[in-house]
Amino acid sequence: MSDIMQIFNQYFKKNRYNSAFLLIALSVMLTLLRFFIVNLVDISVLRNEEVSIYLHAAEKSCVEFFMMPDSNYINLINKFCAVLTLKVLKAFDNYAQVQNILNWFFAALCSSLFLTKQFEILIRSWKIRLALCFYVYLLPVLDFYMVFSQGYYLVFVLLFYLLVLSDIRRLTSGEIVFICLSAPFAVFSKPVFFVFGFAFLGLFFLHLYRCVCCHRPLKVHLWILTYILALYVFQVWFTTNHSSYMREFAHHFDKSNIIGLLFFLAGKVVIFLGYGLICPLAHVLPRNIANMSCFFAGLIVAGTIVLNCIILIKNRLWVLLTVLMLLITSCLITLYGAISVNFLYERFFVQDIFAFQWSQRIIFPVILLALFSCIFSVQRLHECSEKIIIAVLWLLCALSYGISSWSCWSTGYMPSFTWKQTRPLLEERYPFIPHAYGIEFYYMRGLQFVSKDVAFKSVGNNSLAVLDALPEKKILYVMLKQIPDSNAFSLTSSDALIVNVDGVEYKARLINPGLNAEYLFKFDEFVPSDAFKQIHITRPLALTGRSVSGYFIGL
């Protein structure tokens, strides 16, 4: 370890005046580290927003695509990577892989920004910042590797703005260009970081006062802050206009025992703080020990937060205090979102946070708060604290990198659709492309109808009767869904789906052969929905007694 640190030390001293080269080199290294630890199958499939939103970059203009809401906000960095992949690089065949790698690189670039000298006011030692950069980027949480989660790393860019613009020194041309080019990506990122807008608003009035009353030449600061605030105004307008998206998921509490509810929520928040500090450990310890460890670690983190606030106020370290308060507020927004949305409440407050490596991306601010607060406290103790912090962070990095679950991301079941299988549909007039694990999210063009889940009843070895009446539509795609258990049937590329209309036979080809939970069939032409009284598979599959349902897609 000492040899590695010596190499980094020499490299850092040699290139400290060439920060752009240093940041890009570190970003490439971090991206490669991620690439080596993931299962390549997992970056060859499309999930959620990757299919339902980002794939629209192939057909829409840049303006139309920009105005598409991702949940209820813009999330510009992911859209930019999709446009870069499909319209600039023309990487249609390798869209999933290229989009993943581009997003990882930009996230690594944001994390690497933490090494710049502007962050010395937060953490003096570049060695600690380097270790923290690696640790935050290599956290053993699946969500942090998904395309739609990379926007969380833009918080480092927002912190960079805050630290640079709070200084009254003259801005360099490089800083001005970087802020102007990167601001739309940073501001149009995750809603939990909207609170930074209030910090920039406060800086605007502070610099305006200094210009008017103290006659200090800070006009460049004011122009840049005006530009950033204008972006925040647009983001607030955009989010407000698309806020209805999350209303259907609202969670309603039983308020009959409000005191007990508050104690329950407070205990969970303490566990979240502890998880933010010892994340990799929580995934390898037994459940009861992990819960207890997170709780006690959370109490320590909560104590350091209170202690830091007191010390920072006493010593009038207002910039550090502002950063700490911004992270605390971002965490409160995160927790409010988790409490107010039904499926998030189930995921975070009913289940153990470390039980799954999924849907944990929203606690990224909690992880940052826990790490920053503890480092703020420890680095004030004595000189050897730097070595302690560095050793702990590198040990956590090694543990994150070595967790056995990396060899196969445990999503519970294998993807039904690979991009290689669904990619040819993108070139057809009426494409329908479900995400890797089913029909919950999908991309379609020209089509207008997607049925609800329709129940089927087996009426023979290779025939299914449609139990629910379909509305009067024209059907182009049929998706069959089975329970992925030991009795699941497998289909080959030679299998097809057949329906009969007044003696005329319509055949649909299979898009994704193999053993899958869902199978997608496509007809060569539209078929009237009233023809789907029964559907037939071209070879006997012993369907009797099987639980099968499906969806119909068309006009």
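Helix packing around H16

Modeller: Helices H14 and H16 are roughly antiparallel to each other. This is a predicted model, in which local features need pLDDT of at least 70 and side-chain atom pairs count only at pLDDT 80 or more, while totals for chains, interfaces and linings use all residues. Residues are numbered from 1 along each chain as its sequence is written, and side-chain values use heavy atoms, with hydrogens and water left out.

Colleague: Why are H14 and H16 called roughly antiparallel?

Modeller: Helix H14 (residues 318-340) packs against H16 at about 150°, with the axes 9 Å apart; angles over 145 degrees count as roughly antiparallel, so the pair earns that name.

Colleague: Which residues make the contact between H14 and H16?

Modeller: On H14 they are Leu320, Leu324, Leu327, Ile328, Ser330, Cys331 and Thr334, and on H16 they are Pro365, Val366, Leu368, Leu369, Phe372 and Phe376, where contact means heavy atoms within 4.5 Å. By class, this contact has eleven nonpolar, two polar and no charged residues; Ala, Val, Leu, Ile, Met, Phe, Trp, Tyr, Cys and Pro count as nonpolar, Asp, Glu, Lys and Arg as charged, and the others, Gly among them, as polar.

Colleague: What makes H7 roughly antiparallel to H16?

Modeller: The axes of H7 (residues 126-137) and H16 (residues 364-378) come within 12 Å and cross at roughly 155°, which makes H7 roughly antiparallel to H16. Ile128, Leu132, Tyr135 and Val136 of H7 make the contact with Phe364, Leu368, Leu371, Phe372 and Ile375 of H16, and by class it has nine nonpolar, no polar and no charged residues.

Note on methods:
Axes fitted to C-alpha atoms, helices over the stretch in contact; angles between N-to-C directions. Helix = DSSP H or I, 4+ residues; strand = E, 2+ residues; numbered from the N terminus. Parallel < 35°, antiparallel > 145°, perpendicular 65-115°, else oblique.
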